[in-house]
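Open the structure in your viewer and keep the sequence beside it. The stops below say what to select next and what is there.

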Amino acid sequence: MTLTPPSDDISPRDVVILKVRVANPTASTRELSEILAEKHDINLSHNRINEILREMAEEDMFRETIIPDERLFRHYLFRIAFFYPNFDEYWESCYWDIVNDPHVLMFFNADGNYHWHIIAQFRTDEQQQKWVHQLFKQYGPLIAQFHTTMLHTVHKFQTDAEIFDDVLEETPAGKQYL
């Protein structure tokens with residue numbers, strides 16, 4: 001599968017709108033309209049900005065997620081390697097159980113021996129241990145190796161607006177907004 005660079009899917013103007021939204025997450029669309037006009041010479045009504053943001057959200061260009069303060073939960077990184085003789089039988093139900101589990105903050109594939117990585121949050125170590133026990137009880141035949149790391153201190157947990165400058169750098173049209 002070939003990934004299409006984000007600049008092919010989103011206009012530089014819309015990248016700037018997304019960048020300004022990320023930099024000002026609580027700003028109204030009226031305030032975003034003012035910021036875009038002052039800093040980027042993008043003159044759009046607040047209604048149009050709202051429409052553009054809604055369209056980008058519907059196209060999965062971004063997700064709006066509420067993330068509680070990291071002091072409320074203990075965070076863990078789980079890494080799972082598969083026992084391939086049982087993969088076909090167990091992977092899909094395990095996958096959907098993980099996706100739908102309320103403790104799972106992030107679930108992603110990675111290269112290397114551990115193909116599934118999970119960042120999960122629990123109030124106590126006991127809750128985490130019970131969760132892992134239930135995972136093994138239900139999906140043990142799928143798991144060849146399992147690694148747990150407690151993330152003691154989360155130092156940064158956010159996307160900075162400046163990351164969108166990398167996208168804008170990809171095209172001449174995008175560079176004019178920098």
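Begin with the two domains. The domain assignment of the protein gives domain 1 as residues 12-64 and domain 2 as residues 74-151. Colour them separately: their C-alpha centres lie 36 Å apart.

Before going further, colour by confidence, since this is a predicted model. The mean pLDDT of the protein is 91, and 96% of its residues reach 70 or more. Now select residues 1-7, where the pLDDT is below 50. Beyond near neighbours in sequence, this stretch has 6 contacts in the model. Where pLDDT is low, predicted coordinates should not be read in detail.

**Stop 1: Asp 14**

Select Asp 14, which is placed in helix 2, residues 12-23. Asp 14 counts as buried because its relative accessible area is 14%, and the cut-off for buried is under 20%. Show what surrounds the residue: leaving out residues up to four places away in sequence, Asp 14 touches Ile 52 and Met 56.

**Stop 2: Ser 45**

Move on to Ser 45, in the loop between helix 3 (29-40) and helix 4 (46-58). Is Ser 45 buried or exposed? Ser 45 counts as partly exposed, because its relative accessibility is 39%. A polar atom of the Ser 45 side chain lies 3.0 Å from the backbone nitrogen of Arg 48. To cross the model, draw a line from Ser 45 to Arg 123: these residues are 78 apart along the chain, and their C-alpha atoms are separated by 44 Å.

**Stop 3: the sheet**

Show the strands as ribbons. In which order do the 4 strands of the open sheet lie? The order is 2-3-1-4, and the pairing is antiparallel. At the edges are strand 2 (104-109) and strand 4 (143-151), each of which pairs on one side only. On average, neighbouring strands of this sheet are turned by 15° against each other, direction ignored.

Take the pairs in turn, starting from strand 2. Strand 2 and strand 3 pair in the antiparallel sense over 5 bridges. Select Met 106 and find Ile 119 of strand 3 opposite; then select Phe 107, whose bridge partner in strand 3 is Ile 118. The two strands form a hairpin with 6 residues between them. In the turn, click on Gly 112, which has a positive phi of about 90°.

Next comes the pairing of strand 1 with strand 3, joined by 7 bridges and running antiparallel. On its other pairing, strand 1 (residues 74-82) is joined to strand 4 by 8 bridges, again antiparallel. To see one facing pair, select Phe 82, which stands opposite Ile 143 in strand 4.

**Stop 4: strand 3**

Select strand 3 and display its side chains. Of its 7 residues, 7 are buried, and the strand is described as mostly covered. In a regular strand the side chains alternate between the two faces of the sheet. Here Trp 116, Ile 118, Ala 120 and Phe 122 point one way, while His 117, Ile 119 and Gln 121 point the other way.

**Stop 5: His 75**

Now select His 75, placed in strand 1. His 75 counts as buried because its relative accessibility is 7%. Its bridge partner in strand 3 is Gln 121. The side chains of His 75 and Gln 121 also make a polar contact, at 3.2 Å. Leaving aside neighbours within four places in sequence, the contacts of His 75 include Glu 70, Leu 105, Ala 120 and Val 154. Thr 149, Met 150 and Leu 151 are also among them.

**Stop 6: the helices on the sheet**

Finish by turning the helices on. Helix 5 (residues 87-99) packs on the sheet, touching strand 1, strand 2 and strand 3 (116-122). The direction of helix 5 makes about 35° with that of strand 3. Then select helix 6, residues 125-139, and look at what lies beneath the ribbon. Which strands does helix 6 lie across? Helix 6 lies across strand 1, strand 2, strand 3 and strand 4, and runs at about 170° to strand 4.

Conventions
Residues numbered from 1 in each chain as written. Predicted model: local features only at pLDDT ≥ 70, side-chain atom pairs only at ≥ 80, totals over all residues. Heavy atoms only, no water. Pairing = 2+ DSSP bridges. Axes fitted to C-alpha atoms, helices over the stretch in contact; angles between N-to-C directions. Contact = heavy atoms within 4.5 Å. Domains from an automatic or database assignment. pLDDT = per-residue confidence, 0-100. Buried < 20%, exposed > 50% of the residue type's maximum accessible area, 1.4 Å probe, protein only. Polar contact = N/O pair within 3.5 Å; in protein donor to acceptor, adjacent residues only side chain to side chain.
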